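This report describes the overall form of one protein chain, and then turns to its charged and nonpolar side chains.

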Amino acid sequence: MTNLTYIKTEILYAFRKNKSLNNNLEFNIALQNVEDMELNYRNEVAACNSDIQGYNFWLNMPPTKWILKGFGIKKKDLI
């Protein structure tokens with residue numbers, strides 16, 4: 001679980017525990033900010049993983065495979 005997911009879980013727990021937070025503008029803005037940050041994080045991870053897959057693809061192509069193996073360049077793991 002990412003830190004953002006943990007923070008969001010804690011905020012939602014407080015929200016369910018205290019119904020007066022429904023009308024609190026600052027609380028709702030904080031919750032929306034955490035949700036936006038989590039969405040941006042997930043989008044960045046997806047973009048990074050896409051780049052890693054492309055990198056790993058080219059490492060397996062015959063001409064580059066032998067050259068890069070000679071330099072000791074290895075596959076990268078997805079996030």
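In this predicted model, the protein chain has a radius of gyration of 21 Å, whereas a compact globule of 79 residues would have one near 12 Å. Taken along the principal axes, the C-alpha atoms fill a box of roughly 65 × 15 × 15 Å. The chain contains three helices and zero strands, and its elements run α-α-α from the N terminus on.

The values for the chain as a whole are collected here.

| Property of the protein chain | Value |
|---|---|
| Share of buried residues among the 79 residues | 15% |
| Exposed area | about 6500 Å² |
| Share of the exposed area from carbon and sulfur atoms | 60% |
| Share joining residues at least 24 apart, among contacts between residues at least 6 apart in sequence | 43% |

Where does the salt bridge between Glu38 and Arg42 lie? Both residues belong to helix H2 (residues 25-59), where they stand four residues apart, about one turn of the helix. Their side chains meet at 3.0 Å, N to O, and the count for the model comes to one salt bridge. Side chains of opposite charge can pair when their charged atoms come close. Glu38 counts as buried because its relative accessibility is 8%, and buried means under 20%.

On the surface, Tyr55, Ile67, Phe71 and Ile73 make a nonpolar patch of about 420 Å². One of these residues, Ile67, has its place in helix H3 (residues 62-71).

Methods: Residues are numbered from 1 along each chain as its sequence is written. This is a predicted model: local features need pLDDT of at least 70, side-chain atom pairs count only at pLDDT 80 or more; totals for chains, interfaces and linings use all residues. Side-chain values use heavy atoms; hydrogens and water are left out. Patches are made of residues with over 30% relative accessible area and no salt bridge: like charges are joined within 9 Å, nonpolar side chains (Val, Leu, Ile, Met, Phe, Trp, Tyr) within 5 Å. Accessible areas come from the Shrake-Rupley method with a 1.4 Å probe; for residues, only the protein chains shown count as cover. A salt bridge is a side-chain nitrogen of Lys or Arg within 4 Å of a carboxyl oxygen of Asp or Glu. Helices (H or I, at least four residues) and strands (E, at least two) are DSSP runs, numbered from the N terminus. The radius of gyration is taken over C-alpha atoms; the globule rule is 2.2 Å times the number of residues to the power 0.38. Buried means under 20% relative accessible area, exposed over 50%, partly exposed in between (1.4 Å probe, protein chains only). Contact means heavy atoms within 4.5 Å.
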